[in-house]
Number of protein chains: 2
Amino acid sequence: MAQVDTVTRILDAAEELFAEHGFAETSLRTITARADVNLAAVNYHFGSKKALIQAVFARFLGPFYKLVESSLDTHEQQHPDTILSIEDILRFVARAMASVTQGDRSRLAIFMRLLGLAYNQGQGHLRKFLQTEYRSLFRRVMSLITKATPDLQPVERFWRFHFMLGSAAFTLSSMENLRAIVEHDFDTKCTEEEVVGYLLPFLAAGIRAK
Amino acid sequence: MAQVDTVTRILDAAEELFAEHGFAETSLRTITARADVNLAAVNYHFGSKKALIQAVFARFLGPFYKLVESSLDTHEQQHPDTILSIEDILRFVARAMASVTQGDRSRLAIFMRLLGLAYNQGQGHLRKFLQTEYRSLFRRVMSLITKATPDLQPVERFWRFHFMLGSAAFTLSSMENLRAIVEHDFDTKCTEEEVVGYLLPFLAAGIRAK
DNA sequence: TTTTGAGTTAAACGTATGTTTCAAACAGTT
DNA sequence: AACTGTTTGAAACATACGTTTAACTCAAAA
């Protein structure tokens, strides 16, 4: 049986470590050690650490992107002229995320962490990368949300959208820690699905406040 | 007129730079250069970079902490046995934040960024620091929220609280960038007060969803 | 068989980092 | 004025980092 590809092993290791310790705090040496790969392999295959970070992100983003697009496409074919509710929209996105991260729970965290960094890091490279890769999907979702909330002023809708984004990004990226707290304080275990089940109604209620 | 204290100059410079570039990405040399202070001063006065980060945070947290406590105290004295609504609670917190960050808008961002890091960074030093410094205020606010949302299950309330926290942390820590986007896309300027004015109803509606 | 070229390896490079050192400057006290 | 404890200064230290180099491996092509 053949070993897994070097590139894949690097991406896997980087994904885990980035999610666990962040980007600046994770060195190429740690990554290549865990991947059981020579240090130079990262620069050989990806060019630089920045490019690796983007590649880790792209490996997640690509399938997610396509899945949301295609599921929206088929829905619009089957139910044309239907206005989706906020809950529906969120469910589409959540379902795509779940199916992309299936069996690898740290990928969600890393995606969300990256999202947060992209917004926080003023002139960072992630921001531009994310914006160019993301733009058309972002616009599409945003126009669905607009149809679902016709009474909202554009500026307020923009902000509420980012309130939602923030809620999701923060919660999902620190899911591990929060679940540990729940287990300690309430003697209960929460699955990711349950947390998302809590999250969506919160977001939906928030965006249609008043 | 005497120069500003070295310690204060370091804290001011660190605060700005941390808010702008993050913690790992800001070096002591950059900080001391902006503060116009010798490199060794940080280690002399604070001991380490970690300690400096905590000091930056503590300078904000202390006054904020006291302000929330005292304003809650006086309110409870004047209106005993009154159950505060979620909006009221949020307004208390928001007012304290506004008054502490007044005239220095980057302090809010750095506080929120730190908050985010504290939750994301698994075994980070920030988490413990924040928890010990924060614990009693956190409990107090949490018990007020509990009274304001008696129908909520404890676990779901916990999650919704962190959904709120996430929304606020994400939005306020990337406020600068988001406002720039608003200005570009909508030709409108948003003050921080306006954003908070958008945020609080969103949060309140979210936490009492269904 | 020889050649080729992508992939891997160990080592080194240059740089930036946090921290330490120790002498000089300073401020307050006696 | 001399002493004392605190603060500053320039330099060095040790280390960790991302990246580059050049020799080597090895399978497929010629």
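These are my notebook entries on a predicted model with protein chains A and B and DNA strands C and D.

**Entry 1: ground rules**

I number residues from 1 along each chain as its sequence is written, and chains are lettered from A and ligands numbered from 1 in the order in which they are written. Local features need pLDDT of at least 70, side-chain atom pairs count only at pLDDT 80 or more, totals for chains, interfaces and linings use all residues, and side-chain values use heavy atoms, with hydrogens and water left out.

**Entry 2: DNA strand D**

I looked up what surrounds DNA strand D and found 15 residues, the closest being A:Leu28, A:Arg29, A:Lys49, B:Thr6 and B:His45. A residue counts as near a strand if one of its heavy atoms lies within 4 Å of it. Of the atoms of strand D that come within 4 Å of the protein, sugar and phosphate account for 44%.

Next I noted polar contacts, that is, pairs of N or O atoms within 3.5 Å; within protein, one must be able to donate a hydrogen and the other to accept it, and residues adjacent in sequence count only if both atoms are side-chain atoms. The side chain of A:Lys49 has an N or O atom 2.8 Å from a phosphate oxygen of strand D. For the side chain of A:Asn43 the distance to a phosphate oxygen of strand D is 3.2 Å. From chain B, a polar side-chain atom of B:Tyr44 lies 2.9 Å from a phosphate oxygen of strand D.

Which helices each supply at least two residues of the surface near strand D? I listed helix 2 (28-35) and helix 3 (40-45) of chain A, together with helix 3 (40-45) of chain B. Helices here are DSSP runs (H or I, at least four residues), numbered from the N terminus. Helix 3 of chain B gives the most, with 3 residues. By class, I recorded 5 nonpolar, 7 polar and 3 charged residues near strand D. In this scheme Ala, Val, Leu, Ile, Met, Phe, Trp, Tyr, Cys and Pro are nonpolar, Asp, Glu, Lys and Arg are charged, and the others, Gly among them, are polar.

**Entry 3: DNA strand C**

I then turned to strand C, which has 15 residues around it; A:Thr6, A:Tyr44, A:His45, B:Arg29 and B:Lys49 come nearest. Sugar and phosphate make up 47% of the atoms of strand C that come within 4 Å of the protein.

A phosphate oxygen of strand C is 2.6 Å from an N or O atom in the side chain of A:Thr6. B:Leu28 uses a polar backbone atom, 2.9 Å from a phosphate oxygen of strand C. The side chain of B:Asn43 has an N or O atom 3.2 Å from a phosphate oxygen of strand C. Two or more residues of the surface come from each of helix 3 of chain A and helix 2 (28-35) and helix 3 of chain B. The largest share, 3 residues, comes from helix 3 of chain A. The classes near strand C are 5 nonpolar, 7 polar and 3 charged residues.

**Entry 4: chain A against chain B**

I looked up the contact (heavy atoms within 4.5 Å) between the two chains: 48 residues of chain B and 47 residues of chain A take part. The buried area is about 4,400 Å², with 71% from carbon and sulfur atoms. Buried area is the accessible area (1.4 Å probe) that two parts lose on being put together, summed over both. B:Trp159, B:Phe163 and B:Phe202 supply 18% of the area that chain B buries against chain A, more than any other three residues.

**Entry 5: two buried residues**

Is A:Arg160, in helix 8 (residues 154-173) of chain A, buried or exposed? I found A:Arg160 buried, at 1% relative accessibility. Buried means under 20% relative accessible area, exposed over 50%, and partly exposed in between (1.4 Å probe, protein chains only). A polar atom of the A:Arg160 side chain lies 3.4 Å from the backbone oxygen of A:Ala209. Leaving aside neighbours within four places in sequence, the contacts of A:Arg160 include A:Leu152, A:Gly206 and, from chain B, B:Phe202.

B:Leu72 lies in helix 4 (residues 49-78) of chain B and is buried, with a relative accessible area of 3%. Beyond four places in sequence, I listed B:Leu84, B:Phe92, B:Arg140 and B:Leu144 as contacts of B:Leu72.
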